[in-house]
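Subject: Structure handover

Hello,

Here is the structure you asked about. My notes on it follow below.

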Amino acid sequence: METIIEVKDLVKVFHSRGRKITAVNDVSFDVFKGEIFGMIGPNGAGKSTIFSMLTTLIKPTNGSIKVAGFDADKEDDKIRPIIGIVPQKLSLYPDLTARENLELMGKLYSVPKKLMEERIDHYLQLVGLGSHADRFAGGFSGGMKQRLSVICAVLHDPQIIFWDEPSTGLDPQTRQAIWKLARKFNGEGKTLVFTTHYMEEADNLCDRVAVMNLGKMVALDTPENLKERSGSTNLEEVFIHLTGEEVRD
Amino acid sequence: MDVRTELQHSWIITVKEFRQLSRKKALMVPLFLFPIIMIIFFGYGMGGTVKDAPILIVNDDTGTASNSLIQHIGSYTGKYGGEPMFSITYTKDMSQSKAESKIDAGWYKAVLLIPPDYSEKLAKNESVTLILLTDSSDTTTTGIIVNYMKQLFSERGSVSLNVPNIYGDLEYLDFLTPAVIALTIFMGSVATTGSAIAGEKQDGTIVRILMTPVSRRAVILGKTIYQLILQLIRAAILIMAAYFLVGFHMNGSWLLVALVLVIFTLGGVGMGIVMSTRVNDMESFFQLNMLVTLPSMFITGVFFPLSSVPDWMRYIAYLLPLTYANDAMRTIMIKGQGLSAISTDLIILSLFALITFTAGVHLFRREA
């Protein structure tokens, strides 16, 4: 399988009030082109830090990341146009309409105007927001915001979509709709990288799952293999087995 | 990334900022109306006292009457006592135009010209006229000086005082308006830049923008262009309101006013960015903003001349950039002076802009 993301010996250390905090400790993995890759782990496991490094928002302390062959440290300007990001905070301008939010992203990704307008109409219809295009995003429900946030990330037709906690706080219907959307994008050949707290989501959606704990990667395999290896019937048991029962801050 | 794309990205951010502003109707009213209200309210009836005001006495008289007059002026402490009201420098053989140039340069608040025949005419009980030139760009201080002098000479019978208005017929409002514009631009650029970034941090939108191919440089440039346009529009509205509503006099160059405001806005934007990098939400930003900008409003001589405040307050004022913006704006708008008269102010304001802007860009780039 063709590798699209290569992570080698990744370390991220933060310094806070004289304390050294190792958020990510010597993590290596590959993501294959066209797969849905999930990262799961309790709070403080290092998922979001890895997510920020993969999306070029922060730089690693040590180690290397290559996305589509580009070095995340030195060639972040080549990576950004080919990735789409759905952040955990939905990050929409509340005083802009849905269409204006989309236009802003389209322009910042330099999508040609005509193509951008076609895609905006197409995606708004696809996620059921066609009749809400000219409403302010601030007045949207959580589910509507999530759907708008997703299409903001794909307007420039990225090769890879990074998706932080896709269905946190959503009702079952919206969650199903989001999963359907994820499968659709994956069916179009896009690679998806998720972080999630929901084992059901990882089990249903992901081709492979990386389990993170305390900054380290403790397992990486398909959901089926992970379950088989630990003799569990569901991914939640595997998760508890690998990361322990202790509640994290 | 090429410059053209960077500029295109910056302009997209600028347009987005304006579009967001147009949706915040509740913000538009205070943004444009607050400074106008301030001018109207403060423009009537501000008083004050003066101490140590620098005065030049050009004494061409050799008699004793002028000596007694000078002694009287030098020892005057005002009705509440304390330090002398005037700090006097003496000279002789100076023309009126030369004396005016000393006021233009900001060395003296007033120049009193005593004619050669002052003592002689006073001895013969003949009428004699003295000329008092004042820096009427500082209406509070000169108002007090003129009142004192008029009272002094009214006690001396045949002596009359000629007070030419070298900058025209000015009122407190003329003193106030240039500084209120500087204050408005300062508080506006710091608050709107900082709160916008703090708000975008709070709702995560800034992170989303920074994840796109747009450079941090382009984001900052876009926000800065927006601020420059917005603050210049505010200043123009304010000047027009002051002109049409309360009869403000503009004696100087609009271009110089714009230059000062552009440099000062850059400093304000830089300061707003620096402050926004220190907080994570809008509420914290507004607390910090109050702490940083409010003292400037009261200490830097916006509402009263620095000559009327205690020394310690004046020393603090000299550390605050608004003091220099106020001085530059008054020198241009009231005195009608050119670039050379505000060169020191411009150097200090440029340094302020350079330091805050560089720090802002550095911290903003490092933060995310």
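B:Met240 counts as partly exposed, because its relative accessibility is 46%. This is a predicted model, so please read everything here in that light. B:Met240 sits in helix α9 of chain B. The residue also belongs to a nonpolar surface patch of about 780 Å². The other members are B:Trp11, B:Val15, B:Ile229, B:Ile233, B:Ile237, B:Tyr243 and B:Phe244. Two elements of chain B give two or more residues each to the patch: α1 (3–23) and α9. The largest share comes from α9(B), with six residues.

Another residue of that helix has a different setting. B:Ile220 is found in α9, which spans residues 216–246 of chain B. Is B:Ile220 buried or exposed? B:Ile220 is buried, because its relative accessible area is 5% and the cut-off for buried is under 20%. What does B:Ile220 touch, neighbours within four places in sequence aside? The contacts are B:Ile273, B:Phe357, B:Val361 and B:Phe364. B:Tyr172 is 48 residues away from B:Ile220 in sequence. In space, their C-alpha atoms are 38 Å apart.

B:Leu354 is in helix α14 of chain B, residues 343–367. B:Leu354 counts as exposed, because its relative accessibility is 56% and the cut-off for exposed is over 50%. B:Leu354 and B:Ser10 are 344 residues apart along the chain. Their C-alpha atoms are separated by 20 Å.

Now the charged pairs. Side chains of opposite charge can pair when their charged atoms come close. How many salt bridges does a search of the whole structure find? The count is 22 over all chains. Three pairs and one network are set out here.

The first pair to look at is A:Asp73 with A:Lys59, a salt bridge at 3.8 Å, N to O. A:Asp73 lies in the loop between β5 (70–71) and α2 (76–79) of chain A, and A:Lys59 in the loop between α1 and β4 (62–67), so the pair ties together parts that are 14 residues apart in sequence. A:Asp73 is partly exposed, at 39% relative accessibility. A:Lys59 is partly exposed as well, with a relative accessible area of 38%.

Next, look at B:Arg19 and A:Glu100. Their side chains meet in a salt bridge at 3.6 Å, N to O. B:Arg19 lies in helix α1 of chain B and A:Glu100 in helix α3 (residues 98–108) of chain A, so this pair joins two chains. B:Arg19 is partly exposed, with a relative accessible area of 29%. A:Glu100 is buried, at 13%.

Then there is A:Glu200 with A:Arg175, a salt bridge at 3.9 Å, N to O. This pair links distant parts of the chain, 25 residues apart. A:Glu200 is in helix α7 (residues 199–205) of chain A, and A:Arg175 is in helix α6 (residues 172–187) of chain A. A:Glu200 is partly exposed, with a relative accessible area of 47%. A:Arg175 is buried, at 16%.

In chain B, salt bridges also form a network. Its members are B:Lys16, B:Glu17, B:Glu200 and B:Lys223.

On to the interior. The largest nonpolar core has 49 residues. Which of them touch the most other members? They are A:Ile5, A:Ile50, A:Leu54, A:Phe162 and A:Val193. Strand β2 (residues 19–32) of chain A gives the most to this core, with five residues. A:Leu54 has a long contact list, neighbours within four places in sequence aside: A:Ile5, A:Val7, A:Phe29, A:Met39, A:Ile65, A:Val67, A:Phe162 and A:Val193. Apart from this core lies another, of 48 residues. Among its members are A:Val86, A:Tyr123, A:Cys206 and A:Val211.

A:Ile50 and A:Leu54 are also among the buried residues of α1(A). Helix α1 of chain A covers residues 47–54. The helix is mostly covered, with seven of its eight residues buried. The other buried ones are A:Lys47, A:Thr49, A:Phe51, A:Ser52 and A:Met53. After α1(A) comes A:Thr56, with a positive phi near 70°.

Best wishes

Terms used: Residues numbered from 1 in each chain as written. Chains lettered and ligands numbered in written order. Predicted model: local features only at pLDDT ≥ 70, side-chain atom pairs only at ≥ 80, totals over all residues. Heavy atoms only, no water. Helix = DSSP H or I, 4+ residues; strand = E, 2+ residues; numbered from the N terminus. Buried < 20%, exposed > 50% of the residue type's maximum accessible area, 1.4 Å probe, protein only. Contact = heavy atoms within 4.5 Å. Patch = residues over 30% accessible without salt bridge, like charges linked within 9 Å, V, L, I, M, F, W, Y side chains within 5 Å. Areas by Shrake-Rupley, 256 points an atom, 1.4 Å probe, with all protein chains shown as cover. Salt bridge = Lys/Arg side-chain N within 4 Å of Asp/Glu carboxyl O. Core = buried A, V, L, I, M, F, W, Y, C linked by side-chain atoms within 4.5 Å.
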